[in-house]
Amino acid sequence: MRPFLLEQFGNASSIHQEGQHARSAVEQARASVARLLGCRPAEIVFTGGGTESDNLAVFGSVRPGDHVITSAVEHHAVLHAVERLGERGVEVEFLPVNGDGVVAAEDVRRALRPNTRLISVMMANNETGVLQPVEEIGRIAGEAGVRFHVDAVQAAGKLGINVDSIGCHLLSISGHKMHGPQGTGALFVRRGTRLEPLSAGGAHERQRRAGTENVAGIVGLGQAAECVMRSGTQERMRGLRDRLELGLLQHAGGVNGGGAPRVANTSNVWFDGVDGEALVIALDLKGLAVSSGAACSSGASEPSHVLQAMGLSPDRARSSLRFSLHRQTTEEEIDRAIELVSSQVARLRELSAVTR
Ligand code: PLP
């Protein structure tokens with residue numbers, strides 16, 4: 001990214017040499033992201049992040065009078081977009097999930113109506129890591145001839161993704177969830193899928209996203225795609241995640257979504273009798289960064305909509321923390337985390353016993 005931040009400021013839409021150089025870097029990144037998702041480069045639209053990709057997929061597909069099916073555990077980037085459509089004369093349906101946070105594909109089939117325009121179901125949940133049966137839903141969407149959007153922000157870089165195996169028409173990714181730069185993302189748009197752009201302006205990104213491309217950011221996203229394709233499987237991270245859960249379960253009530261298939265880096269743990277936010281702060285002071293609820297909405301004291309949709313009580317949701325690992329997490333860090341959590345959970349439980 002550095003040359004495009006410090007020395008080379010060509011606009012990828014300009015025809016002079018500087019512009020052509022920027023264009024070539026953007027197209028190289030497009031080819032990398034396309035390879036990551038198993039699609040053609042022309043089917044990749046660069047965006048300003050996962051939220052924008054989700055918004056473009058939802059708002060760009062649906063008109064008043066249409067029907068949209070989504071799930072109750074989507075990220076707010078989809079959930080709030082669909083809710084807004086509901087206020088604008090679109091019929092919307094939020095499918096429930098089971099106790100592990102999984103949508104039943106058959107519920108999607110049952111919810112279909114003649115005017116169903118879009119199905120939007122995520123691949124991996126951001127709070128629990130739980131995987132949805134997107135391939136099964138893709139088959140149902142295909143049989144019904146309904147457009148299918150997958151929010152794969154939490155899956156990209158952690159699981160192999162192939163848009164043809166999933167059978168989706170639209171799929172969102174975000175740079176900063178796969179070691180790329182913040183504020184970058186992409187939307188896969190299957191050839192022939194008409195999409196109304198969110199912004200009016202120039203003809204950038206094949207008229208699907210007006211505005212001068214963020215060349216440095218796009219180059220960073222392309223490099224992140226290359227890196228995750230090179231770095232292979234998640235088995236090491238899965239081993240560390242299991243080690244963490246085993247250690248934490250000595251002090252915890254359970255792993256939320258633990259009975260379902262999950263991505264390897266996320267763990268959502270319930271510490272009965274402990275206030276989640278107090279534990280986040282206590283751990284932060286000791287140098288361990290974890291989150292209660294979704295990081296994107298931290299600061300809000302509402303218990304997580306995902307955990308509540310799974311049938312957890314507001315109290316249990318408030319006593320749950322999300323732990324995220326990354327590619328460079330070490331065994332020593334996991335053991336240190338277990339130690340810190342054990343001591344802080346014990347301290348907070350003692351405190352609440354004294355004040356009760
Ligand atoms: N979708 C999911 C599942 C996410 O986890 C996130 C971010 O956490 C987003 C969408 C939004 O992505 P961004 O932060 O790039 O806007």
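A polar contact is a pair of N or O atoms within 3.5 Å. Keep that cut-off at hand for the exercises below, which work on a predicted model.

**Exercise 1. Find which residues come nearest to the ligand, and check three of them for polar contacts.**

Step 1. Start with the shell: 14 residues surround the ligand, and G50, T51, D151, Q154 and S174 come nearest.

Step 2. Now go through the distances. A polar atom in the side chain of T51 sits 2.6 Å from a ligand oxygen. For S174, an N or O atom of the side chain is 2.7 Å from an oxygen atom of the ligand. G50 uses its backbone instead, with a polar atom there 2.8 Å from a ligand oxygen.

Step 3. Finish with the surface. The ligand taken alone exposes 390 Å², and the protein buries 90% of that.

**Exercise 2. Identify the element that gives the largest share of the ligand shell, and describe how it is packed.**

Step 1. The element is helix α3 (residues 50-59), which supplies three residues of the shell.

Step 2. Look at its burial: eight of the ten residues of α3 are buried, leaving the helix mostly covered. Among the buried ones are G50, S53, D54 and F59.

Step 3. Then ask what lies against them. The buried residues of α3 pack against two kinds of element: the helix α4 (76-87) and the strands β1 (44-47), β4 (116-120), β5, β6 (170-174) and β7 (185-189).

**Exercise 3. K158 is buried; work out what its side chain has for partners.**

Step 1. Locate the residue: K158 is in the loop that runs between β5 (147-151) and α7 (163-166).

Step 2. Try a salt bridge, which would need a carboxyl oxygen within 4 Å of the lysine nitrogen. K158 has none, as the nearest side chain of opposite charge, D151, is 10.0 Å away.

Step 3. Turn to backbone oxygens. That of Q154 lies 3.3 Å from a polar atom of the K158 side chain, and the side chain also reaches the backbone oxygen of K177 at 3.5 Å.

Step 4. Complete the list of neighbours: leaving aside residues up to four places away in sequence, K158 touches K177, Q234, V263 and N265.

**Exercise 4. Decide whether N214 is buried, partly exposed or exposed, and place it in the fold.**

Step 1. Its relative accessible area is 40%, so N214 is partly exposed.

Step 2. N214 belongs to the loop between α8 (204-207) and α9 (215-230).

Step 3. Beyond residues up to four places away in sequence, N214 touches G183 and T184. Its C-alpha atom is 8.8 Å from that of T47, although 167 residues separate the two along the chain.

How values were computed:
Residues are numbered from 1 along each chain as its sequence is written. This is a predicted model: local features need pLDDT of at least 70, side-chain atom pairs count only at pLDDT 80 or more; totals for chains, interfaces and linings use all residues. Side-chain values use heavy atoms; hydrogens and water are left out. Helices (H or I, at least four residues) and strands (E, at least two) are DSSP runs, numbered from the N terminus. Buried means under 20% relative accessible area, exposed over 50%, partly exposed in between (1.4 Å probe, protein chains only). Lys and Arg count as positive and Asp and Glu as negative; His and the chain ends are not counted. A polar contact is a pair of N or O atoms within 3.5 Å; within protein, one must be able to donate a hydrogen and the other to accept it, and residues adjacent in sequence count only if both atoms are side-chain atoms. Contact means heavy atoms within 4.5 Å. A residue is near a molecule or strand if one of its heavy atoms lies within 4 Å of it. Accessible areas come from the Shrake-Rupley method with a 1.4 Å probe; for residues, only the protein chains shown count as cover.
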